[in-house]
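Thanks for coming. I will go through one structure today, starting with pairs of charged side chains and ending with the overall fold.

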Amino acid sequence: MKIGIIVAMDRELQQLRQVFEGSQVIVEKCGIGKVNAALGVQRMINEYRPDCIISSGCAGGNGDDVQVKDVVASTQLAYHDVYCGEAIGGGVVYGQVQGLPARFEADPYLLQKAKEIKQDGLAIHPGLIVTGDWFVDSREKMREIINHFPEAKAVDMESAAIAHTCYMAGVPFISFRVVSDMPLRDTQAQQYHDFWAQVAAQSFLTTRTFVESL
């Protein structure tokens with residue numbers, strides 16, 4: 001199986017290229033945000049023709065059961081900053097682009113393999129990941145997002161756009177994100193900075209465990 005992993009930032013790219021050094025896994029950076037994510041994953045599809053694509057990296061977490069260093073495996077993905085409105089025809093929900101699914105579904109096989117990972121000290125949370133062009137660094141912004149998506153387990157800036165592109169191209173996809181911070185518990189993004197300073201390197205080893213199970 002030819003596996004493509006796409007990340008947003010140089011520091012994520014550095015961590016994962018170290019993890020997959022010497023393997024056949026394709027690890028590429030797309031850049032931050034939805035447009036960069038869509039362009040990056042389309043370029044990966046065109047150039048490498050992967051059998052599946054994984055969106056990796058970090059994300060803000062949500063939920064009483066979620067902690068920093070846990071992993072969220074997407075069951076579904078949606079945009080938290082898209083609303084087409086009722087005036088253009090109706091029948092759409094918040095987060096849905098008209099003419100497309102309200103939520104993009106993760107590939108069932110990839111999701112099942114993610115659920116089966118057993119690793120001491122690791123918690124994997126299957127759930128909804130929502131995406132928008134906003135680094136969530138305040139409780140107020142996170143509350144606004146969670147008001148629309150109370151069941152969301154993670155918030156990032158790329159995964160739904162990658163899922164959208166993979167859906168259009170017919171490529172199996174999952175987002176497998178390490179929780180770097182909990183915005184509802186941290187007002188100054190200190191958890192996010194501490195994550196990179198202290199625990200990031202160990203956290204990304206879980207992605208290798210997942211890939212090796214495929």
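Start with K141 and E144, whose side chains form a salt bridge with N and O 3.6 Å apart. This is a predicted model, so every distance I quote is computed from predicted coordinates. K141 and E144 both sit in helix α4, residues 139-148, and because they are 3 residues apart there, about one helical turn separates them. In general, an α-helix has 3.6 residues a turn, so residues three or four places apart point the same way. The two ends of the bridge differ in burial: K141 is buried at 13% relative accessible area, while E144 is partly exposed at 40%.

Staying with α4, which residues are buried there? They are K141, M142, I145 and I146. The arc they cover around the axis is only 130°, so they lie on the same side of α4. E140 and N147, on the other side of the helix, are exposed. As for what the buried side faces, its residues pack against β3 (52-61), β6 (124-131) and β7.

β7 brings me to the next salt bridge. D156 pairs with R177, and their closest N and O atoms are 3.3 Å apart. Here the partners come from distant parts of the chain: D156 is in strand β7, residues 154-156, and R177 is in strand β8, residues 173-181, with their positions 21 residues apart. Are these two buried or exposed? D156 has 4% relative accessibility and so counts as buried. R177 is buried too, at 2%.

A third bridge joins D81 and K34, at 2.9 Å from N to O. This one also links distant parts of the chain, 47 residues apart: D81 is in the loop between β4 (71-79) and β5 (104-105), and K34 is in helix α2, residues 34-48. D81 is partly exposed, with a relative accessible area of 33%. K34, at 17%, is buried; the cut-off for buried is under 20%. The pair does not stand alone, as K34, D81 and D133 are linked in a network of salt bridges. In total the structure holds 10 salt bridges, and I have picked out a few of them.

Now the nonpolar side. The largest nonpolar core has 30 residues, and those touching the most other members are I5, F20, I54, I174, F176 and F210. Two or more residues of this core come from each of β1 (3-7), α1 (10-19), β3, β4, α3 (108-115), β8 and α7 (205-212). There is also a second, separate core of 27 residues; A37, L100, I162 and M182 are among its members.

What does F210 touch, leaving aside residues up to four places away in sequence? The list is I54, L110, K113, A114, I117, I174 and F176. I54, I174 and F176 appear with F210 among the core residues that touch the most other members. F210 is also one of the buried residues of α7, along with T206, T207 and V211. These cover an arc of only 140° around the axis, so they sit on the same side of α7.

Two backbone details next. Most residues other than glycine have a negative phi. R49 is not a glycine, yet its phi is positive, about 50°. R49 lies in the loop between α2 and β3, and at 58% relative accessibility it is exposed. K69, again not a glycine, has a positive phi of about 85°. The place of K69 is the loop between β3 and β4, and its relative accessibility of 45% makes it partly exposed.

Last, the whole chain. The protein has 7 helices and 8 strands. Its C-alpha trace spans about 55 × 40 × 30 Å along the principal axes. A compact globule of 214 residues would have a radius of gyration near 17 Å, and the 16 Å of this protein agrees with that. Of the 214 residues, 54% count as buried. Among contacts with a separation of 6 or more, 77% are between residues 24 or more positions apart. The accessible surface comes to about 9,800 Å², and carbon and sulfur atoms make up 48% of that.

To recap the charged pairs: K141 with E144 is the bridge within α4, while D156 with R177 and D81 with K34 link distant parts of the chain. That is all from me.

How values were computed
Residues numbered from 1 in each chain as written. Predicted model: local features only at pLDDT ≥ 70, side-chain atom pairs only at ≥ 80, totals over all residues. Heavy atoms only, no water. Salt bridge = Lys/Arg side-chain N within 4 Å of Asp/Glu carboxyl O. Helix = DSSP H or I, 4+ residues; strand = E, 2+ residues; numbered from the N terminus. Buried < 20%, exposed > 50% of the residue type's maximum accessible area, 1.4 Å probe, protein only. Arc of directions from axis to C-beta. Contact = heavy atoms within 4.5 Å. Core = buried A, V, L, I, M, F, W, Y, C linked by side-chain atoms within 4.5 Å. Rg over C-alpha atoms; globule rule 2.2 N^0.38 Å. Areas by Shrake-Rupley, 256 points an atom, 1.4 Å probe, with all protein chains shown as cover.
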